[in-house]
Amino acid sequence: MQRVAIVDPTESSRESLRTLLLGVDFVWLEAECTRYEYFFDVIQQSMPDLAVVSLDADKARALQMIGELSVAHPKLPILTISQDHQALLQSLQRGAKYFLTHPVGLEDMLAALRRALGESGTAVNGDQPSLGMVNRQNGPSQIVAVLGSRGGVGTTTLAVNLAATLASDPGTGVALVDLDLALGDADIALEVNGMENISIADLARNIERLDMNFLKRALVKHTASGLAILRHPLEIQEIGVLHEGHIERILNLLRISYSVLVLDLSKAMLPTDMMALRMADVILLTAQLELSSLRNVVRMMHLLNQDDNLGDKVRVVVNRVGAEAVEEGISLKKAEDVIGKPIFWQVPNDAKAVIAARVAGQPLVRHNPRSRAQQAIVGLAQALGSKPTGVGTPEPKAKAGWSLFGRK
Ligand SMILES: Nc1ncnc2c1ncn2[C@@H]1O[C@H](COP(=O)(O)OP(=O)(O)O)[C@@H](O)[C@H]1O
Ligand SMILES: [Mg+2]
């Protein structure tokens, strides 16, 4: 947790600054000051990690105070806020290091806080894992989109269990976003309590005033796994509310706060899915060793290759390997020939463990961490950072952390 002190004699702007900062979990509002002339003492007493100075109530006085502060505390980063670019420039000359133009939006504030606190030598990540929000590593967050090649191939199973596996590392804040808007069921696979009944549709309806507080309330917490979940719209007729622009904004806001976003997509390749696929760093395309699934993989690859080379991000994951009832005598090698792409990972058929976990509303990492399916998912999480492998070589890499997610 990073401690911040603010000064702003104007009540209204001080309040909005406070609201903004209260929405940021890695920040603790240590001191709030209403007079420039008291701020020096406030800093001496509270020794915060960052000072935020709103200049506009009395620029001359604020600038003078910044000069004194930067001489007395050269290591303290100072962030200034003003409508007046000239004043911001002068604040930099007096020793401020960062500035924001008033009115300040949440995204700009978060970006500035990360820069300011990240560069001051203390880890932005904080020492207490907060409840999922803003518990991310330094560095960019990653978006993993999980896409299915037909209904029932295990897209949700994979998304939920991969997300929960990544979230089992306390340093990695993970959000699972159910973008299977019409028929999503991630919230069944992970039983969530105390739902506030806010879904992604409510976020879309209020997109103009979407801020971190609102977003936080919308995310339900799966306590056992530490995952934050953004649910599909409660009523199917609500899906018309959601456009691709909403998805873009919501994911951008989420990625400021989480290390990893795992997206459970629909199979309809809707504009909302396509936006998610464009924003993704990796696309896991879930398949099974049977004809309709494999044929759809080929068709989907064709579509994705036409759209800004999205196909390059695709990693094919074959699920339920070894299930005689599912497979049609197609070998992995044959599947690779058909797809024209190596199979990145295999998850064995493990009906007992997968179904029991689902009935319990728990991810495998909690319910049955030793199960074969979970072992494969752990391996997948580790392999995501490395190059695609061929059939027969899905050996998990050394247990050094999730390389895709910057922990190596
Ligand atoms: N590796 C697996 N072994 C056994 N059963 C599985 C496995 N993966 C998924 N399933 C089962 O397959 C069914 C469909 O999975 P689901 O994740 O809901 O697919 P999708 O989201 O693609 O429609 C579920 O009943 C699930 O329990
Ligand atoms: Mg599903």
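The paragraphs below walk through a predicted model of a protein chain with a bound ligand, from its overall make-up to its two sheets and the ligand shell.

The protein chain contains 16 helices and 13 strands. Of its 408 residues, 45% count as buried. Contacts that reach far along the sequence feature strongly: among contacts with a separation of 6 or more, 73% link residues 24 or more positions apart.

One of the sheets is an open sheet of five strands, arranged in the order 2-1-3-4-5 with parallel pairing. Its edges are formed by strand 2 (27-33) and strand 5, each of which pairs on one side only. From one strand to the next, the twist averages 20°. Helix 1 packs on this sheet, where it touches strand 1 (2-7), strand 2 and strand 3 (50-54), and its direction makes about 165° with that of strand 2. Towards the other edge, strand 4 and strand 5 run parallel and are joined by four bridges. Within this pair, T80 has F99 in strand 5 as its bridge partner. Helix 4 also packs on the sheet, touching strand 4 and strand 5, and its direction makes about 165° with that of strand 4.

Helix 1 (residues 11-22) offers a useful residue to look at in detail, L21. Is L21 buried, exposed or partly exposed? L21 has 18 other C-beta atoms within 10 Å, and a residue needs 20 or more to count as buried; L21 is therefore partly exposed. Apart from neighbours within four places in sequence, L21 is in contact with V4, V27 and L29. V4 lies in the range of strand 1 (2-7), while V27 and L29 lie in that of strand 2 (27-33). The C-alpha atoms of L21 and L113 are separated by 9.6 Å, although these residues are 92 residues apart along the chain.

Helix 4 (residues 85-94) shows a clear division between its sides. L88, Q90 and S91 are buried. Viewed down the axis of helix 4, the buried residues fall within an arc of 160°, so they line one face of the helix. H85, Q86 and Q93, on the other side of helix 4, are exposed. The packing partners of the buried residues are helix 3 (59-72), strand 4 (78-82) and strand 5 (98-101). Just after helix 4 comes G95, which has a positive phi near 125°.

A further open sheet is formed by eight strands in the order 8-9-7-10-6-11-12-13, with mixed pairing. Strand 8 (220-222) and strand 13 (343-348) are the edge strands, each pairing on one side only. Here the twist averages 25° from one strand to the next.

Strand 7 (residues 174-179) is an inviting place to start in this sheet. Six of its six residues are buried, which leaves the strand mostly covered. In a regular strand the side chains alternate between the two faces of the sheet. In strand 7 both faces are covered, with V174, L176 and D178 buried on one side and A175, V177 and L179 buried on the other. Strand 7 runs parallel to strand 10 (residues 260-265), and six bridges join the two. One of the residues in this pairing is D178, whose bridge partner in strand 10 is D264. Strand 7 is also joined by three bridges to strand 9 (residues 227-230), again in parallel. There, L176 stands opposite I229.

Elsewhere in the eight-stranded sheet, strand 6 (residues 142-148) and strand 11 (residues 282-287) run parallel and share five bridges. L147 has L285 in strand 11 as its bridge partner. Helix 12 (residues 291-306) lies across strand 11 and strand 12, and runs at about 155° to strand 11.

Finally, ligand 1 is surrounded by 18 residues, of which G148, G154, T155, T156 and T157 are the closest. Which elements each supply at least two residues of this shell? They are helix 6 (155-167), strand 12 (314-321) and helix 14 (351-360). Helix 14 supplies the largest share, with four residues. By class, the shell comprises six nonpolar, nine polar and three charged residues. One of the closest residues, G148, falls within the span of strand 6 (residues 142-148), and T155, T156 and T157 fall within that of helix 6 (155-167).

Terms used:
Residues numbered from 1 in each chain as written. Chains lettered and ligands numbered in written order. Predicted model: local features only at pLDDT ≥ 70, side-chain atom pairs only at ≥ 80, totals over all residues. Buried ≥ 20, exposed ≤ 12 C-beta atoms within 10 Å, placed from the backbone. Pairing = 2+ DSSP bridges. Near = placed C-beta within 6 Å. Nonpolar A, V, L, I, M, F, W, Y, C, P; charged D, E, K, R; others polar. Axes fitted to C-alpha atoms, helices over the stretch in contact; angles between N-to-C directions. Contact = placed C-beta atoms within 7 Å. Arc of directions from axis to C-beta.
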